[in-house]
Amino acid sequence: MTESQPTLRRSPCGSLTADQVGERVLLKAWVHRRRDHGGVTFLDLRDRSGRVQVVFHADQQKVVAEALSPVRNEWVVEVEGTVGRRVPSAVNPNMATGEIEITAERAEVLAECQPMPFGVDGGADSSEETRLRYRYLDLRRENLQKAIQLRHAVTLETLKYLDGEGFLNIETPMLTRSTPEGARDYLVPSRVHHGEFFALPQSPQIFKQILMISGFERYVQIARCFRDEDLRADRQPEFTQIDLEMSFIDEEDVYQLVEGLFARIFPLAGIEPEAPYRRLGYDEAMLRFGSDRPDLRADLEIHDITETVTGSTFRAFQATIEAGGVVRALPVPQAAAASRKQLNGWVEIAQRYGAQGVLTLKQRDGLTEFQVKGTLSEEQLTALREQLALNDGDMALVVAASAKVAAASLGALRVELAKEYGHFREDDWEFLWVTDFPLVEEDPENDRWDAMHHPFTSPEPEHMELLETDPGAVRSRAYDVVLNGNELGGGSIRNHRLDVQQKVFKLIGIDDSEAKERFGFLLDALSYGAPPHGGLALGLDRLVMLMAGATSLRDVIPFPKTASATCLMTEAPSAVGLDQLQELGIRLAKPQAVAVGPDALGSSEPKLDTTEAGVGADVADSSNGEG
C-alpha cells in the first residue's frame, strides 16, 4: 500500500474523461478483457458505470506486472494509476473513455474467478436456461446492466413526478384474502389458523379504494403483485406495477396525469411522446384494427363487408351471417402476386385465432376476382372494389366468422402483412387511449356475464338502466393506455355508490351473501361516504422492456422466473420439511416416500420430495389489480 492510497476515493470506470489527464485515480472493478502485446499488457476494467483501459509494461512496472500476471477475465482487481491520453491511432470511438487510458502504478487482486460458463460480452453463446441458472453472471452483461439502471431511473422519476402532483406513497398489505381478479391466487397457509390461507395480492385494488374512502385523495405505490397463471414473454408470476388512485376526478384527469408522467419518463430512453394521445373506442378499435390494443404503426385497416356480401350464393357467407356472424376484409396493397406458400402461411395464422380459413379478393387487369368464382355478383364485386379501395395488384384477405374471431384473426394478419409489404413504421412510437369498453362480456358455456376488467368498474351513468335489461350494451368507464400494440396499463372510474356496486355484483353472479363474505369490508366502507374516485395501474416491467428495446420481460427483471414459473438460480419452488408441513396443518395429497436428507439445522426429520405431489391437498386440521 502507498501513502497516497488512503487519500484517494474510488473512481467509477466509465466516469473518467480527458479533462482528468495527469490525475491519479483508484479503480476497483472487474477485468472485462486482457490483451498481452510483447511486454505491454492492456486490461479493460468494467464496473456498472462503463469501461476504461489500463496499461502497464512488464519491464517498467514490474510490481504491477507480477501482481496482475495471473489475472484473467472477470477477476476483481484494484488498480491505482495516472490518467493519460491515448495516441490518436489508439483512440476508441466506441468507448465513452476511448480517448484515455490509465497507466497502472499499483495493483492488487481482490477476487479470483473460476472459468465462466459463458462469456459476459454477449451471452448468445449459451442457452437461456444456462444464463438464468447463472443469473448473477448474466446480469454483468452491459445490456442488462443498462436495463436495470433504466428501471431505477424510471421508478425514481415516477415518484418525483407524482409527489409533485400531490400523491402519497402508501404501502398496502402483501398478505390478504383471495379475491376474484381473473387469475389464480398464490396462497399462503396460516400457521396460526389451520385450514385458512392468505393470498398474495394480484393487485392492491380494494386497498387503494379503501384509501380513497379514508380521505387520502391521491395514492401511489410501486406495487409487487402476484398471479399464478401461464407465462409468456410479457408475463411473469410476480410483477411490479405503478399503482395509482385519485379522488374527485374523471377520465380526463387520468389521461392528463399519465400523459404528463410519460412526458417525464420516456425521454430517459430518448423517446418523446406527442400529447394528447389519440383515443379510440373499443368497438372502433376491434372493427378497424382487430384488437383492443392495436399497433398503429401498421398502416392497414380491416373493413366490415357483411352488408355488401349479404345475398351472395357463397354458402359460408350465408351460414355465417344467418348465425349472427360477420364477414370482414383486410385490403393489402400490391399483395395480389402472393405465392401459394405465403397464402398457406396466412391461413395458418388465422386458424390459430379460430378462423376456419381465409379467402382472397384480388384486383388484376381491371377485374375484381373472388376466390370462389361465381358466388358474388358483378354489383357486389364492384361495391367491394370501391369499399376496399382496391387498385390493380392489390388483394384483400376475407374471413367469415363471429365478430370476435374475425377481429382476432384479421388483427394478427394486419400486423404480419404490414411488416411483410412495407406498411409498418418500425421506428415510430404510437401511444393511444382505448376507451368505452363493455362493462361485461358473455360466458356462454357457463351462461353468465363476466366483468371485462374487474367488478369495481363503474358503468357509464347513462347506461345504468341497461344493467338489468341489456347488460351486453352497457359501456364502462374503463380505459387502457397502449403503445405499439402493447397494453401499458389500464384502469377505470370506480363504483363509489353502494347500490351500483351491488347491482354489478349481482350481474356477474355474486349474490348478496357471497358479496358480504368476500367483500363485506368494502361494501361497508362504501356506505360511509365514499368520494367519486378512479385510477389505473401501469406495468413497470413492460414499460421498461419497451423503453429498453428488449423483447422479453426477463431482460428487465433482475431475477425472473422461467416459463414454468421456476427460478433456476435458487431452484425454487422446492420441497419443504415434513415438520414444517405439519406445523402448517398441511398434508400432501400424494406425498412421495422419498427423503432428500435432513434440514440445514441437523434435524433427523426427512424432507419429502414433492416434485410430483401437487400443491394443495389435504389440510390436516379441519378447524378451519388491477387487471
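A crossing of two helices is right-handed if the near helix is turned clockwise from the far one, and left-handed if it is turned anticlockwise by less than a right angle. The close-ups below come from a predicted model.

**Figure 1. Helix 14 and helix 15 pack with a right-handed crossing.** Helix 14 covers residues 498-507. Its axis lies 11 Å from that of helix 15, and the two axes form an angle of about 155°. Angles over 145 degrees count as roughly antiparallel, and helix 14 and helix 15 are therefore roughly antiparallel to each other. From helix 14, the contact takes in Leu-498, Gln-501, Phe-505 and Lys-506. Helix 15 contributes Asp-512, Ala-515, Phe-519, Leu-523 and Leu-526. By class, the residues of this contact are six nonpolar, one polar and two charged.

**Figure 2. Helix 5 packs against helix 15 through nonpolar residues.** Helix 5 spans residues 205-213, and helix 15 spans residues 512-526. Their axes are 10 Å apart and meet at an angle of about 25°. That angle makes helix 5 roughly parallel to helix 15. The crossing is left-handed. Three isoleucines of helix 5 take part: Ile-206, Ile-210 and Ile-213. Opposite them in helix 15 are Phe-519, Phe-521, Leu-522, Ala-525 and Leu-526. The contact counts eight nonpolar residues, no polar and no charged. Phe-519 and Leu-526 are listed here, and they also belong to the contact of helix 15 with helix 14.

**Figure 3. Helix 4 crosses helix 6 obliquely.** Helix 4 runs over residues 142-164, and helix 6 over 251-265. The two axes come within 9 Å and cross at roughly 135°. That makes helix 4 oblique to helix 6. The crossing is right-handed. Helix 4 brings Val-154, Glu-157, Thr-158, Lys-160, Tyr-161 and Leu-162 to the contact. Helix 6 meets them with Gln-256, Leu-257, Gly-260, Leu-261, Arg-264 and Ile-265. This contact is mixed in class, with six nonpolar, three polar and three charged residues.

**Figure 4. Eight strands form an open sheet.** The strand order is 6-9-10-22-21-20-17-11, and the pairing is mixed. Strand 6 (168-169) and strand 11 (278-281) are the edge strands; each has a single partner, so one side of each is left without a neighbour in the sheet. Strand 17 (residues 431-435) joins strand 20 (residues 478-483) through five bridges, in the antiparallel sense. Within this pair, Val-434 of strand 17 stands opposite Asp-480 of strand 20.

**Figure 5. Helix 7 lies across strand 11 and strand 17 of the open sheet.** The helix is made of residues 282-289. Helix 7 runs at about 90° to strand 11.

**Figure 6. Five strands close into a barrel.** The order is 1-2-3-5-4, with mixed pairing. From one strand to the next, the twist averages 55°. Strand 4 (residues 76-85) and strand 5 (residues 100-111) are antiparallel partners, paired over ten bridges. One of the bridge pairs joins Val-83 to Ile-102 in strand 5.

**Figure 7. Loops hold two cis prolines and a positive phi.** Most residues other than glycine have a negative phi, and most peptide bonds are trans. The bond from Ala-275 to Pro-276 is cis, with omega near 0°. Pro-276 sits in the loop between helix 6 and strand 11. Strand 11 is an edge strand of the open sheet. A second cis bond leads from Ala-572 to Pro-573, again with omega near 0°. Pro-573 is found in the loop that links helix 16 (540-548) and helix 17 (578-584). Asp-447 is not a glycine, yet its phi is positive, about 50°. This aspartate lies in the loop between strand 18 (440-443) and strand 19 (448-451).

**Figure 8. The cysteines form zero disulfides.** A disulfide is a covalent bond between the sulfur atoms of two cysteines. The cut-off used for such a pair is 2.5 Å between sulfur atoms. A search of the whole structure finds zero pairs of this kind. For Cys-113, the nearest cysteine sulfur is that of Cys-13, 17 Å away. For Cys-567, the closest cysteine sulfur belongs to Cys-225; at 19 Å, it is too far for a bond.

Methods. Residues numbered from 1 in each chain as written. Predicted model: local features only at pLDDT ≥ 70, side-chain atom pairs only at ≥ 80, totals over all residues. Heavy atoms only, no water. Pairing = 2+ DSSP bridges. Helix = DSSP H or I, 4+ residues; strand = E, 2+ residues; numbered from the N terminus. Contact = heavy atoms within 4.5 Å. Axes fitted to C-alpha atoms, helices over the stretch in contact; angles between N-to-C directions. Parallel < 35°, antiparallel > 145°, perpendicular 65-115°, else oblique. Nonpolar A, V, L, I, M, F, W, Y, C, P; charged D, E, K, R; others polar.
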